[in-house]
Amino acid sequence: MCIAMKITHALHLSNSELVTEVGRLARTEREATVAFIVHLAEFDARRLYAGAGFSSTFRYCVEALHLSEDAAFNRIEAARAARAWPMVLDMLVTGALTPTTARMLRRHLTADNQPELLAAASGKSKQQVEALLVGRFPRPDVRPSVRALPMASVPTTRVSGVVEGAVSPVRDGDRHTGPCASEASGPNVAAPVGAPAATAEARPRPIMRPLSAERYQVRFTMTAETREKLCEAQDLLGHAVPSGDLAQVFDRALDVLITELRRRKLGATRRPRASRGQEGDSRHVPAQVRREVWERDTGRCAFVAASGRRCDERRRLEFHHHEVPYGVGGKPTVENIHLRCRAHNGYEAEQFYGPRRRYGGVDPKSQPGGSRTTAPTRPGTGPLTRRGSVPTASP
């Protein structure tokens, strides 16, 4: 209500008053953004997202703070750049850098070039900084590509590098024309926090865009070898899928892949056998336990924050000794094993063992970007570990 009144109030300002007010609001917005980045840098370093039930700072910003994906990505990268290079923060305060340009510069900054590169980027727009960076750090030439263009009312019979709803047929003689590149990289979706920036920016981003409640457009670039595999799959399915429809081919391929992955990771089988037993101190989690835990936890992290929020991460899951950690005699039973994402497996391990275990016995205060909280002197008092540094997850 208060915000609406202020917005309505702007209608009654004179031109000069409106110009003055817009300038003032721009300055206060920048100040608020910089203050947010400063606090976000410390929040990220302390990994407080884990205790709140999130698997990364990025997910916390998007889901808890309701930032857009681009805004979250830019501010997190700017926060990490400012934490490593304090001069970045000063430039954000003055407006010489924006969160976007700070993010672009982060992966190129070194101890040797940092003062000069930041000075060269000062006051420049996103496009100008991009031109500055490609001039100093040239990218490889784009590979030539051959792409079959979509044609109206033509069913899919052969595959191009761009996977869409319908792709024009490719003659048998054209199957060896080389890889086909994606026509567009799609919206600037942020890479997962922690992923190398070079990887996130150098490769065209795939697209998975909804067309209706039940239909999606999928677009990505594949290698020539992958294209040949897909062509062969179309050939082998010639009787079952005469049109070679890519959606049906991929659906069948994913059924086979998921079945195999479930067999390898979870011991999934149509004819489960009784366990042959194992040594009492083994950290191996039996297949039967893995299957039951996966079903019970619905294939996602089962960490629940103090607020009651459950983490819903489905990637990089690990089998975590929950009630009694492995290091103090915990057994791989259904009751003791829970699913955890990498972040929350480590978070709970550090809560039990203390933060030093994450760094192999090195005080985190001495590590770049490490937390400044004091390392606890007893078990059960403090934040996050990587898998393998403490015995909480199965190999």
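Arg-59 and Glu-63 form a salt bridge in this predicted model, with their closest N and O atoms 2.8 Å apart. Both residues belong to helix H4, which covers residues 57-64. They are four residues apart, about one turn of the helix. The two partners differ in exposure class: Arg-59 counts as buried at 19% relative accessibility, because the limit for buried is under 20%. Glu-63, with a relative accessible area of 30%, is partly exposed. The pair is also part of a network of salt bridges that links Arg-59, Glu-63, Arg-309, Asp-312 and Glu-313.

**Other salt bridges**

The count for the structure comes to 17 salt bridges. Side chains of opposite charge can pair when their charged atoms come close. One of the bridges joins Arg-262 to Glu-295, where the closest N and O atoms are 3.9 Å apart. Arg-262 lies in helix H12 and Glu-295 in helix H13 (residues 287-296), so this pair ties together parts that are 33 residues apart in sequence. Arg-262 is partly exposed, at a relative accessible area of 36%, while Glu-295 is exposed, at 54%.

Another bridge is made by the side chains of Asp-297 and Arg-296, with an N to O distance of 3.0 Å. Asp-297 is buried, with a relative accessible area of 6%. Arg-296 is partly exposed, with a value of 36%.

The three pairs described above are set out here.

| Salt bridge | N to O distance |
|---|---|
| Arg-59 and Glu-63 | 2.8 Å |
| Arg-262 and Glu-295 | 3.9 Å |
| Asp-297 and Arg-296 | 3.0 Å |

**Polar contacts of buried side chains**

Glu-318 is placed in strand E3, which runs over residues 317-321. Its relative accessible area is 2%, so Glu-318 is buried. The side chain of Glu-318 is joined to that of Arg-342 by a polar contact of 2.4 Å.

Asn-74 lies in helix H5 (residues 69-84). With a relative accessible area of 9%, Asn-74 is buried as well. Its side chain makes a polar contact of 3.1 Å with the side chain of Thr-100.

**Helix H14**

Helix H14 takes in residues 342-353, 12 residues in total. From its first C-alpha to its last, H14 reaches 16 Å, close to the 16 Å expected at 1.5 Å a residue. The helix is mostly covered, with nine of its 12 residues buried. Those buried residues are Ala-343, His-344, Asn-345, Gly-346, Tyr-347, Glu-348, Ala-349, Glu-350 and Tyr-353.

**Cysteines**

A search of the whole structure finds zero disulfides. Cys-341 is accordingly in no disulfide, and the nearest cysteine sulfur, that of Cys-301, is 3.9 Å away. A disulfide requires the two sulfur atoms to be within 2.5 Å, so the distance between Cys-341 and Cys-301 does not qualify. Cys-341 counts as buried, at 1% relative accessibility. Cys-61 is buried too, with a relative accessible area of 0%.

**A nonpolar surface patch**

Leu-254, Leu-257, Ile-258 and Leu-261 form a nonpolar patch on the surface. Together these residues have about 320 Å² of accessible area. Leu-261 is found in helix H12, which spans residues 246-266. With a relative accessible area of 30%, Leu-261 is partly exposed. Arg-262, the salt-bridge partner of Glu-295, also lies in H12.

**Positive phi angles in loops**

Arg-47 has a positive phi of about 55° although it is not a glycine. Arg-47 sits in the loop between helix H2 (15-46) and helix H3 (48-51). At 9% relative accessibility, Arg-47 counts as buried.

His-66 likewise is not a glycine and has a positive phi, of about 60°. The loop that holds His-66 is the one between H4 and H5. His-66 is exposed, with a relative accessible area of 64%. The helices on either side of this loop have appeared above: H4 contains the Arg-59 and Glu-63 pair, and H5 contains Asn-74.

Methods
Residues numbered from 1 in each chain as written. Predicted model: local features only at pLDDT ≥ 70, side-chain atom pairs only at ≥ 80, totals over all residues. Heavy atoms only, no water. Helix = DSSP H or I, 4+ residues; strand = E, 2+ residues; numbered from the N terminus. Buried < 20%, exposed > 50% of the residue type's maximum accessible area, 1.4 Å probe, protein only. Polar contact = N/O pair within 3.5 Å; in protein donor to acceptor, adjacent residues only side chain to side chain. Patch = residues over 30% accessible without salt bridge, like charges linked within 9 Å, V, L, I, M, F, W, Y side chains within 5 Å. Areas by Shrake-Rupley, 256 points an atom, 1.4 Å probe, with all protein chains shown as cover. Salt bridge = Lys/Arg side-chain N within 4 Å of Asp/Glu carboxyl O. Expected span 1.5 Å × (residues − 1).
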